[in-house]
Amino acid sequence: MSRLSERSPATGSGSEDLARLEQASRELDPPFALVDLEAFRNNERDLVRRAARKPIRLASKSVRCRALQQRVLATDGWRGTLSFTLPEALWLASCGFEDLVVAYPTVDRVALKELARLETGAITIMIDSVEQLDFIDEIVGRRATPLRVSLDIDAGWWLLAGLVRIGAKRSPIHSPAQAASLATEVVRRKGWELVGLMAYESQIAGVGDAPPGRPVRALTLRAMQRLSGSELVQRRAEIVAAVETIAPLEFVNGGGTGSIERTTNEPAVTEITAGSGLYGPGLFDGYRSFEPRPAAMFALPVVRKPGNGVATVLGGGYLASGPGDRSRLPAPHLPTGLRLDRQEGAGEVQTPVLGGRADDLRIGDRVYFRHAKAGELCERFNSLHLIDGDRVVEEVPTYRGEGHCFL
Ligand SMILES: Cc1ncc(COP(=O)(O)O)c(C=O)c1O
């Protein structure tokens with residue numbers, strides 16, 4: 001056990017968790033990444049509870065560890081994978097995964113040709129324009145079976161007839177008429193089978209409505225999410241109705257970790273997507289309706305003590321994607337009471353942590369950090385150490401550990 005937990009048991013929240021993690025990982029040399037299985041299972045059950053019996057499709061980008069994805073998919077309440085690239089979906093299919101929907105458009109020619117040779121129908125690809133259909137038709141020509149395709153619908157909230165658009169810049173298909181027109185084009189073409197719709201409301205699911213220390217922003221976000229949510233309930237239902245007059249749909253996918261209970265109430269939606277809520281990363285702390293437990297972490301060793309109130313750990317600059325602001329930085333988690341330096345943030349080769357508790361840290365002690373996002377952590381580590389109670393029960397490879405870097 002590192003001397004930190006023996007020497008000065010922390011008071012307040014986190015001391016038990018710290019002692020447990022220290023006991024479990026005492027033989028490991030940091031840097032290493034871990035998943036606390038008790039927290040992970042707790043988060044998994046909570047996602048299923050919130051989905052209120054609608055199946056959840058697992059967002060693989062938010063996990064990026066095949067062994068954990070298999071575990072989750074073997075659990076009641078989960079059905080199928082929302083994959084993030086076609087090469088990833090092809091790999092997962094070759095490993096026995098079924099019902100894979102690739103969530104983002106693909107122009108990977110090699111992967112598309114491989115898809116066209118498959119006879120299983122395990123993979124559905126995503127489109128939102130005729131140009132993408134043309135591109136794919138030109139690449140693949142003849143195919144073993146029709147390509148299964150889903151339409152991606154813009155779930156953003158438009159004001160002033162579209163002059164102001166709130167939500168991620170994704171699909172250009174916003175109205176029922178546009179969706180029906182694209183659906184008509186798909187069914188008109190040979191070699192295509194329209195099987196699904198997806199509409200992801202990032203402005204609700206991916207934006208916490210209780211940002212810490214920002215009460216005015218919280219109120220604005222809640223108002224925006226309420227109005228956007230009621231607009232979307234109606235529009236999504238109209239789009240589904242319009243497309244179903246052209247082709248029967250196997251699934252209508254919506255939502256994400258941050259919106260499950262809201263999205264599951266929509267009769268037009270047949271399944272919800274979730275992933276991040278399993279690891280419970282930093283960006284998912286600021287939601288009122290749920291509170292995932294921190295399940296994924298990485299440990300870094302203290303390698304120097306530059307002065308009072310500061311200890312410096314090796315590495316740490318594992319920033320999350322998105323706007324380049326402070327919310328994307330990892331956060332020191334255990335011991336509690338540590339913070340990053342505003343000047344240095346999290347560095348490529350070293351990261352100072354500040355605060356009174358930094359003085360208790362000695363060379364060789366560990367600091368446990370949380371990543372701001374979920375699956376991106378796995379691009380930094382070859383394996384995850386699975387901790388049950390105070391023991392490491394298994395070490396499982398991440399995608400990176402299996403030699404894959406899809407994005
Ligand atoms: C298409 C789509 N659906 C759902 C999600 C939600 O995933 P998570 O639960 O990991 O936030 C995302 C996340 O970016 C997404 O891109």
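The crossing of α8 and α10 is right-handed. This holds in a predicted model. Helix α8 spans residues 176-188 and helix α10 spans residues 215-244. Their axes lie 8 Å apart, at an angle of about 30°. Angles under 35 degrees count as roughly parallel, and α8 and α10 are therefore placed in that class. On the α8 side, the contact is formed by Pro176, Ala179, Ala180 and Ala183. On the α10 side, Glu238, Ile239, Ala242 and Val243 take part. By class, the residues of this contact comprise 7 nonpolar, no polar and 1 charged.

Helix α10 also carries Arg236. Arg236 has a relative accessible area of 3% and is therefore buried, since the cut-off for burial is under 20%. Beyond its neighbours within four places in sequence, Arg236 touches Ala199, Glu201, Gly254, Gly255, Thr263, Glu266, Ala268 and Val269. Two glutamates, Glu201 and Glu266, are thus among the contacts of this arginine.

A second helix pair was examined in the same way. Helix α5 covers residues 86-94, and helix α6 covers residues 109-117. The two pack at an angle of about 40°, with their axes 9 Å apart. This angle makes α5 and α6 oblique to each other. The crossing of α5 with α6 is left-handed. Leu86, Pro87 and Leu90 of α5 meet Ala111, Leu112, Glu114 and Leu115 of α6. The contact divides into 6 nonpolar, no polar and 1 charged residues.

Leu86 also appears in the account of the nonpolar cores. The largest nonpolar core holds 45 residues. Leu86, Ile123, Ile125, Leu151, Leu194 and Leu197 have the most contacts inside this core. Helix α5 supplies the largest share, with 5 residues. Leaving aside neighbours within four places in sequence, Leu86 contacts Val102, Thr106, Ala111, Leu112, Leu115, Ile123 and Ile125. A second core is separate from the largest one and has 44 residues. Val35, Leu37, Val313 and Leu340 are among its members.

The backbone was then considered. Most residues other than glycine have a negative phi, and most peptide bonds are trans. Several sites in the model depart from this pattern. Pro30 and Pro31 are joined by a cis peptide bond, with omega of about 5°. Pro31 sits in the loop between α2 (15-24) and β1 (32-36). Another cis peptide bond links Leu334 to Pro335, with omega of about -5°. Pro335 occupies the loop between β14 (331-334) and β15 (339-340).

Positive phi values occur at Ala52 and Arg64. For Ala52, phi is near 45°. Ala52 belongs to the loop between α3 (37-51) and β2 (56-59). Its relative accessible area is 52%, so Ala52 is exposed. For Arg64, phi is about 55°. Arg64 lies in the loop between β2 and α4 (66-73). At 7% relative accessibility, Arg64 counts as buried. The two positive-phi residues therefore fall into opposite classes of accessibility, with Ala52 exposed and Arg64 buried.

How values were computed: Residues numbered from 1 in each chain as written. Predicted model: local features only at pLDDT ≥ 70, side-chain atom pairs only at ≥ 80, totals over all residues. Heavy atoms only, no water. Axes fitted to C-alpha atoms, helices over the stretch in contact; angles between N-to-C directions. Helix = DSSP H or I, 4+ residues; strand = E, 2+ residues; numbered from the N terminus. Parallel < 35°, antiparallel > 145°, perpendicular 65-115°, else oblique. Left-handed = near helix turned anticlockwise from the far one by under 90°. Contact = heavy atoms within 4.5 Å. Nonpolar A, V, L, I, M, F, W, Y, C, P; charged D, E, K, R; others polar. Core = buried A, V, L, I, M, F, W, Y, C linked by side-chain atoms within 4.5 Å. Buried < 20%, exposed > 50% of the residue type's maximum accessible area, 1.4 Å probe, protein only.
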